[in-house]
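Trainee: I'd like to learn how to read helix packing and sheet layout from a model. Could we go through one together?

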Amino acid sequence: MPVISIANQKGGVGKSTTAINLSAALALKGKKVLLVDMDPQGATTIGLGLREATPTIYNVIIDEAEIEEAIIETSIDGLHLIPSNIALSGAEIELSSQIGREYILRNKLAQIRSLYDYVIIDTPPSLGVLTMNSLVASDEVIIPIQAEYYALEGIALLLKAIRLVRDRLGIPLEIRGFLITMFDRRTNLSKEVREEVNRTFGEKVFKTMIPRNVRLAEAPSYGKPIFLYAPDSRGAKAYIKLAEEVDGR
């Protein structure tokens, strides 16, 4: 029953897209999946068409609601969501003075994680309190890397944060894999980035790459995972392959 964070402090790398569609693909494989939106922008919540859902993870973190009360069903059978909204941005300040603040999400998820085959956490594009909470709550991390210039920019800081969680907080956090996103097989740049990522991280890189795909970009605006919006698209097929690879690992 692994808890997996989708993390990269750089924005626009496909974290929310991956969180939504990997979770949906695992659910379509018959797994019971809980998706936790830890980003105040709420892209995962919006991308599942649940913008107005309450209570949210913010209410859970500040003890205004029990975690069971915040879990809602989605349009994919077997996929549940704990939503987020902009109120969560206040948690960065509210939690900053709390003792043991890094363990709050971990302790909340401990109450319900045994009910699921996978818990997937979408993290914000930062290395603040919310991301650290997500990492501490996790067993593993998937790191999306877009096939563009400066693809590896900032990765060293994330890896340092993962080591911090391991060494100083005693959490056995592992990297499940690096995921190349927005890959365009027609361009030399994408191929060069793929080679650089493979050279740097070796066997930790997923064989599946997520293509640059119009349907993937459109699906969130319709509040649907790619499998309900464009099930025959290249993006949908790629996330099915990724789910098989993640489940196999």
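Trainee: Which residues of α7 are buried?

Mentor: Before we start, keep in mind that this is a predicted model. The buried residues of α7 are Val129, Leu130, Thr131, Met132, Asn133, Ser134, Leu135, Val136 and Ala137. That is nine of its nine residues, so α7 is mostly covered, where buried means under 20% relative accessible area.

Trainee: What do the buried residues of α7 pack against?

Mentor: They pack against three strands, β1, β5 and β6, and also against α5 (91–94), α6 (104–109) and α8. As for the sheet, α7 lies across β1, β5 and β6, and runs at about 150° to β1.

Trainee: Let's take the helix partner. How should I describe two helices that pack together?

Mentor: Two packed helices are described by the angle between their axes and the distance between the axes. Try that on helix α7 (residues 129–137) and helix α8 (residues 155–167): their axes cross at roughly 55° and come within 10 Å. That makes α7 oblique to α8. The crossing of α7 past α8 is right-handed.

Trainee: Which residues make that contact between α7 and α8?

Mentor: On α7 they are Met132, Leu135 and Val136, and on α8 they are Ala161, Leu164 and Val165. Sorted by class, the contact of α7 with α8 has six nonpolar residues, no polar and no charged.

Trainee: Now for another pair. At what angle do α1 and α12 pack?

Mentor: Helix α1 (residues 15–28) and helix α12 (residues 234–248) pack at an angle of about 70°, and their axes are 8 Å apart. Angles of 65 to 115 degrees count as roughly perpendicular, and α1 and α12 are therefore roughly perpendicular to each other. From α1, the contact uses Thr17, Thr18, Asn21, Leu22, Ala25 and Leu26. From α12, it uses Tyr239, Ile240, Leu242, Ala243, Val246 and Asp247. By class, the contact of α1 with α12 has eight nonpolar, three polar and one charged residues.

Trainee: Which strands does α1 lie across?

Mentor: α1 lies across β1 (3–6), β2 (33–37), β4, β5 (118–122), β6 (140–146) and β7, and it runs at about 165° to β5.

Trainee: On to the sheet, then. In what order do the strands stand?

Mentor: Read across the sheet, not along the chain. The order is β3-β4-β2-β5-β1-β6-β7, in an open sheet of seven strands with mixed pairing. β3 (72–73) and β7 (174–181) are at the edges with a single partner strand each, so one side of each is left without a neighbour in the sheet.

Trainee: In what sense do β3 and β4 pair, parallel or antiparallel?

Mentor: Antiparallel, over two bridges, with β4 covering residues 79–82. To pin down the register, look at a bridge: isoleucine 72 has leucine 81 as its partner in β4.

Trainee: How many bridges join β2 to β5, and how many link β1 and β5?

Mentor: Five bridges join β2 to β5, which run parallel. β1 and β5 also pair in the parallel sense, over four bridges. Isoleucine 121 of β5 is a handy landmark: serine 5 stands opposite it, and so does valine 36.

Trainee: Which way do the residues of β5 point?

Mentor: Tyr118, Ile120 and Asp122 point one way, Val119 and Ile121 the other, and all are buried. With five of its five residues buried, β5 is largely enclosed by the rest of the structure.

Trainee: How many residues of β6 are buried?

Mentor: Seven of the seven, so β6 is largely enclosed by the rest of the structure. Both faces are covered, with Glu140, Ile142, Pro144 and Gln146 on one side and Val141, Ile143 and Ile145 on the other.

Trainee: How many bridges tie β6 to β1, and how many to β7?

Mentor: Three bridges join β1 to β6, and the two run parallel. Here isoleucine 4 is partnered by glutamate 140 of β6. Seven bridges join β6 to β7, again running parallel, and glutamine 146 has threonine 181 as its bridge partner in β7.

Trainee: One last residue: is alanine 110 buried or exposed?

Mentor: Exposed, because its relative accessible area is 52%, and the cut-off for exposed is over 50%. Alanine 110 is found in the loop between α6 and β5.

Technical notes
Residues numbered from 1 in each chain as written. Predicted model: local features only at pLDDT ≥ 70, side-chain atom pairs only at ≥ 80, totals over all residues. Heavy atoms only, no water. Axes fitted to C-alpha atoms, helices over the stretch in contact; angles between N-to-C directions. Parallel < 35°, antiparallel > 145°, perpendicular 65-115°, else oblique. Contact = heavy atoms within 4.5 Å. Nonpolar A, V, L, I, M, F, W, Y, C, P; charged D, E, K, R; others polar. Left-handed = near helix turned anticlockwise from the far one by under 90°. Pairing = 2+ DSSP bridges. Buried < 20%, exposed > 50% of the residue type's maximum accessible area, 1.4 Å probe, protein only.
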